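Dear colleague,

I am handing over the structure we spoke about, with the sequence alongside. Please have it open as you read the notes that follow.

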Amino acid sequence: MTASPRAAQTAVLAALAVLAAGCASAPALRARSAAAAPVCDAPVVVGHRGAPRNAPENTMASFETALDQGADWLETDVQTTRDGVPVLMHDPTVDRTTNGKGAIADLTAAQIAALRVTVGPGSAEPVPTLQELLKRLSDSNATLLMEIKWQRAEDVTRIARIAAASGARVVLYSFSAEHLRQAHAAAPALPVVLIQGSAIAEDPGDLPLRGIALDAALASASRIAAERKAGREVYVWTLDDEESWQLMSARDADGLITDTPGRARRWVDANCRTERRAGPRGH
């Protein structure tokens, strides 16, 4: 039986409507598919020595820049002057980073205060004391990942007690398991993290670690999985490019320690879940 012209026209219009609806829904389907794609848990972005690509390292200018760029945590290094004042500097001497010379342990706090940090972009900056940074962070949600450098037992104890009394969020970390034992004895409420690298990887023994900080070369998927299974968080250093952030996030690292916190922040926000880990579990 032959259809009428009106019926044929109606059928054609219906088919075109179905086709148009399908084309219109394709972008929406693609968007839903993209939204459903697996994403990483949001690791914390840790500004390594602040934001040393934008300001002199381990200075208040560097730390403020890192916070402005969206770092969740700040990382710093603590040394002690001859007269027992903890100051923020990576090296045991002031030679590389300042306009002075000498070992920090041989200089007084007044002598250190007279120096200026000259390594890195921007104007030369004073060397901060630990208490300066802790005071700045005491009313902040940012966490300080504070490396206790190699020094005397009494200095380790003093540093831990100053941090505990500050009211700031502080995580103590060190390459030295013995330093962490001393710090934990002095300030048991503060989490401790052991740093391990290719050259130094001490055995923590029965030390109650909150986490471990791994050189990227050690941070294999199996190693991170083993640490997480043992109940320890994993922070990886030093990661300054998208490939590294992607790799370590895919391996479920808890923290990305980076010299470029602004870029890392943008990458995490674009590629990971929106919930940020504001501090260690239970802290």
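A pocket, as the word is used here, is an open set of grid points with protein on both sides within 12 Å along at least five of seven lines. With that in mind, and remembering that this is a predicted model, the largest pocket holds about 200 Å³ of space. It is lined by 14 residues, of which Q79, P92, K149, W150 and Q151 are the closest to its centre. Sorted by class, the lining of this largest pocket comprises four nonpolar, five polar and five charged residues.

Enclosed space is a separate matter: the structure holds one cavity of 30 Å³ or more, and the volume of the largest cavity is about 40 Å³. The residues that line the largest cavity are E57, N58, L88, M89, H90, T97 and V117, and by class this lining has three nonpolar, three polar and one charged residues.

Turning to helix packing, the axes of helix α5 (residues 153–165) and helix α6 (residues 177–186) come within 8 Å and cross at roughly 45 degrees, which means that α5 is oblique to α6. The crossing of these two helices, α5 and α6, is right-handed. On the α5 side the contact is made by A153, V156, T157, A160 and R161, and on the α6 side by H179, Q182, A183 and A186; by class, this contact of α5 with α6 has five nonpolar, three polar and one charged residues.

With best wishes

Key. Residues numbered from 1 in each chain as written. Predicted model: local features only at pLDDT ≥ 70, side-chain atom pairs only at ≥ 80, totals over all residues. Heavy atoms only, no water. Axes fitted to C-alpha atoms, helices over the stretch in contact; angles between N-to-C directions. Helix = DSSP H or I, 4+ residues; strand = E, 2+ residues; numbered from the N terminus. Parallel < 35°, antiparallel > 145°, perpendicular 65-115°, else oblique. Left-handed = near helix turned anticlockwise from the far one by under 90°. Contact = heavy atoms within 4.5 Å. Nonpolar A, V, L, I, M, F, W, Y, C, P; charged D, E, K, R; others polar. 1 Å grid on protein atoms, 1.4 Å probe; cavity = no way out; pocket = protein on both sides within 12 Å on 5 of 7 lines; lining within 4 Å. Points joined across faces, edges and corners; volume = space filled by probe spheres on them.
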